[in-house]
Amino acid sequence: MSGLHSFGENIWIVEGPLVRDMRAWFTTRMTIVKLSSGSVWIESPVPASPDTMESIAEIGPVKYLVAATMRHVWRLDNARTQFPDAQLWVCRRTRLTLQHGELPITGILTDTPPPDWADDFEQLEFKGNRFSSEVLFYHKKSHTVIIGDLIASNKKIKGKPLSNFIFRLGGVLYPKGGVSRDIRMSFRDRDLARQSLETLLSWDFDRLIIAHGDCIETGAKSYVEEKFQWLNH
Ligand SMILES: [Fe+2]
């Protein structure tokens, strides 16, 4: 069976292997979108089985590989060997950006979608935080928002007590989840962050893909609103 799961019109997700980052193990997930041009756009790519790769190839030619959160940039190293013709797009670099070696990057993601996917997406750099960098996407056709690391709800991982402890400490252990304590604390310009939140909530979305935890199939806007309550205090 293919590991490709439909998440709405022209949007799919694929689960990847566990990866280790900052002493904890994380589940991984990539998002695949068929653009109105017919090309395929992949966010936070993960290694996939030959079957899954075949299913992706059936959707269309993969032209864009995107790392929208600073801790996922390293994943483009492997993905670009699988899709050598794809452009590479990453979020603004910070001291915490996780990347191995040089990448032939096409562009940095900003609040303005590049013309190639402007018909399909709105995008937003969530601002107010110098240390972390993440761009959120709104896929118009499926009314889905894609969030990498800003909101997480990590399920307990069997045999990884330290990871589960770190999740609990950060307030991002399923079923609770939300914006982790360390990320909350690193938002220094809360006015700017509130402006970003306002833009995010102005999008007409009902579904949410997060990189770590269960995705939300309906009612995602109130879910996101609740997870950002702390910003209004
Ligand atoms: Fe992540």
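L150 sits in the loop that links strand 10 (144–147) to helix 3 (161–170), and it makes a handy starting point for a tour of this predicted model. From there we can look at the sheet that holds strand 10, and then at two helices, each with a buried side and an exposed one.

**L150 and its surroundings**
- L150 counts as buried because 24 other C-beta atoms lie within 10 Å, where 20 or more are needed.
- Which residues does L150 contact, once its neighbours within four places in sequence are left aside? They are F126, E134, V179 and I183.
- D206 is not among those contacts: 56 residues away along the chain, its C-alpha atom is separated from that of L150 by 18 Å.

**The four-stranded sheet**
- Strand 10 belongs to an open sheet of four strands, arranged in the order 8-9-10-11 with mixed pairing.
- At the edges you will find strand 8 (121–125) and strand 11 (207–210), each of which pairs on one side only.
- From one strand to the next, the twist averages 20 degrees.
- Strands 10 and 11 run parallel and are joined by four bridges.
- If you want a spot to look at here, I147 stands opposite I210 in strand 11.

**Helix 3, after the L150 loop**
- S163, F167 and G170 are the buried residues of helix 3.
- These buried residues lie on the same side of helix 3 because they cover an arc of only 70 degrees around the axis.
- That pattern follows a familiar rule: an α-helix has 3.6 residues a turn, so residues three or four places apart point the same way.
- Turn to the other side of helix 3, and P161, L162, F165 and L169 are exposed.
- What covers the buried residues of helix 3? The cover includes strand 3 (24–34) and helix 4 (181–185).
- Just after helix 3 comes G171, with a positive phi of about 75 degrees.

**Helix 2**
- In helix 2 (residues 75–82), the buried residues are R75, L76 and A79.
- Their arc around the axis is only 80 degrees, so they share the same side of helix 2.
- N78 and T81, on the other side of helix 2, are exposed.
- Strand 5 (62–67) and strand 6 (87–90) are among the elements that cover the buried residues of helix 2.

Terms used. Residues numbered from 1 in each chain as written. Predicted model: local features only at pLDDT ≥ 70, side-chain atom pairs only at ≥ 80, totals over all residues. Buried ≥ 20, exposed ≤ 12 C-beta atoms within 10 Å, placed from the backbone. Contact = placed C-beta atoms within 7 Å. Arc of directions from axis to C-beta. Pairing = 2+ DSSP bridges. Axes fitted to C-alpha atoms, helices over the stretch in contact; angles between N-to-C directions.
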